[in-house]
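Got your viewer open? Let's take a short walk through this protein, one selection at a time.

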Amino acid sequence: MILAATPFPIGAQSAPEGDFNLPPELTILGPTDPSVRKATAIVNGEIITDTDIEHRLNLVLTANRGQVDAAERERLRMQVLRNLIDEKLQIQEARSNEITIPEAEVEQTFARVAQNFKREPKDFAEFLKASGSSDTALKQQIRGELAWSRLLRRRVEPFVNVGDEEVEGIIERLKEAQGSEEYRVGEIFLSATPENKAEVMANAERIAEQIRGGASFIAYARQFSQASSAAVGGDLGWMRAEQLPESIAATIRSMNPGSLGGPVEVPGGIMLVALIDKRQIGSDPRQAVLNMKQIAISFPPGTTEAQTASRVEAFNAATRRGGCGTAEAVAQKFDAEVVANDSLRLGELPEQLQEIVGRLQVGEATPPFGSLADGVRVLILCGRDEGSVSTPSFDQVYAQLNEQRVSMRAQRYLRDLRRDAIIDYR
């Protein structure tokens with residue numbers, strides 16, 4: 001005991017369940033700063049080492065570019081320990097249900113993560129090592145995510161019910177929303193109870209501060225989010241406001257793409273939300289599929305600014321006439337390279353080009369753009385199929401509702417595992 005008081009009055013029968021009946025006056029007999037405790041634990045007999053914690057912590061610090069002070073580092077360290085304990089419980093529970101993840105599947109997922117960083121697996125492993133982490137740490141996280149996901153499919157999902165009428169009702173509301181906006185949303189969800197809500201909110205605010213300061217939202221979502229979307233960096237995909245909790249919908253409507261909202265209270269916890277992108281429902285110009293040709297000229301070393309300017313001026317004049325049919329001839333004249341792309345979406349272009357290309361008529365070209373070092377290019381519009389955004393199908397809406405309910409039950413499942421666990425801090 002750390003309290004110099006009796007939890008329940010002497011002579012009382014029993015307190016109501018969940019009511020500790022704590023006295024207003026008490027004396028603390030032990031240390032109150034959790035940072036004095038070594039961040040190492042034994043979870044149901046399985047060890048989490050300092051090395052495990054350091055490697056996982058450095059994954060987070062890499063996302064922060066290492067720009068955290070000593071106090072924030074210690075707070076992150078304790079959060080990482082809590083996450084590792086949860087991960088250990090999830091893997092243990094999966095194992096007790098005879099669920100194991102083949103190494104080949106872990107390696108395959110690791111390769112996909114490496115690809116997201118535009119690296120080969122071997123190079124990515126070296127990058128992690130140079131960052132003070134390791135491929136072993138990330139693969140263990142992947143193993144935990146896969147095992148927990150498979151366990152939920154077996155033990156939770158079969159008992160989740162989504163009614164056809166619910167799905168049809170959402171689809172009808174989405175159809176009525178034609179012409180309004182749709183959002184691509186990222187989430188970091190932290191579960192909370194009435195008792196610890198203030199603590200969780202403070203934690204969410206610290207995470208938001210780090211992300212707004214330049215830390216990677218995706219990295220924080222993978223390490224700290226307690227939603228199933230953590231495995232994909234918190235990305236929920238394209239959503240209508242009607243598909244989101246009202247508090248989140250209200251936040252999203254006021255945000256610009258690339259910004260972070262929250263913390264916001266939602267059923268079961270606290271959420272940080274990132275607006276990755278938005279588009280118009282029904283007809284979105286940025287979804288237009290373009291058939292384009294790019295003509296690129298380069299400049300040999302030693303080319304002067306004056307020489308560049310005169311050549312670019314002539315290049316610009318030549319690409320203004322003839323459209324796509326003369327692209328090869330123009331390229332030959334300027335010793336340039338032609339690249340064709342018949343499936344380029346307008347929204348995939350850099351923002352500076354989207355507005356310019358969006359106004360082009362078939363056969364017209366952009367102004368030249370680029371630099372002396374990288375070369376100068378023009379894009380010629382050869383054709384366009386106008387983009388549209390369709391209403392989600394019954395199966396898509398059903399899957400989203402099902403996922404939300406599985407996620408809520410998963411939080412309760414993990415809570416029960418924590419409650420029954422034997423955890424020894426060293």
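Start by selecting Cys324 and Cys382, and show their side chains: a disulfide joins the two, with 1.8 Å from S to S. Keep in mind as you look around that this is a predicted model. You won't find another link of this kind, since the structure holds one disulfide. If you check the twist about the S-S bond, you get -95°, which makes the link of Cys324 and Cys382 left-handed.

Now colour what surrounds each end. Cys324 sits in the loop between helix H10 (305–319) and helix H11 (327–333), while Cys382 belongs to strand S10 (residues 375–385), so the bond ties together parts that are 58 residues apart in sequence.

Switch on the surface for a moment. Is Cys324 buried or exposed? Cys324 is buried, because its relative accessible area is 14%, and buried means under 20%. Cys382 has 22% relative accessibility, so Cys382 counts as partly exposed.

Next stop: two helices. Select residues 70–96, which are helix H2, and residues 394–420, which are helix H13. At what angle do H2 and H13 pack? The angle is about 100°, and their axes are 10 Å apart. That makes H2 and H13 roughly perpendicular to each other, because angles from 65 to 115 degrees count that way.

Zoom in on where they meet. On the H2 side, pick Asp86, Leu89, Gln90 and Glu93; on the H13 side, pick Tyr413, Leu414, Leu417 and Arg418. Try colouring these by class: the contact of H2 with H13 has four nonpolar, one polar and three charged residues.

Stay on helix H2 and click on Glu87, which is found there too. Glu87 has 8% relative accessibility, so Glu87 counts as buried. Who are its partners? Leaving aside residues up to four places away in sequence, Glu87 touches Arg56, Gln140, Gln141 and Gly144. Show all of these together to see the spot.

Finally, zoom out to the whole chain. Colour by secondary structure and you can hunt for 13 helices and eleven strands. Of the 426 residues, 41% count as buried. Bring the surface back: the accessible surface comes to about 23,600 Å², and 51% of that belongs to carbon and sulfur atoms. One last thing to look for is contacts between distant parts of the sequence: among contacts between residues at least 6 apart, 72% join residues at least 24 apart.

Terms used. Residues numbered from 1 in each chain as written. Predicted model: local features only at pLDDT ≥ 70, side-chain atom pairs only at ≥ 80, totals over all residues. Heavy atoms only, no water. Axes fitted to C-alpha atoms, helices over the stretch in contact; angles between N-to-C directions. Helix = DSSP H or I, 4+ residues; strand = E, 2+ residues; numbered from the N terminus. Parallel < 35°, antiparallel > 145°, perpendicular 65-115°, else oblique. Contact = heavy atoms within 4.5 Å. Nonpolar A, V, L, I, M, F, W, Y, C, P; charged D, E, K, R; others polar. Disulfide = S-S within 2.5 Å. Buried < 20%, exposed > 50% of the residue type's maximum accessible area, 1.4 Å probe, protein only. Areas by Shrake-Rupley, 256 points an atom, 1.4 Å probe, with all protein chains shown as cover.
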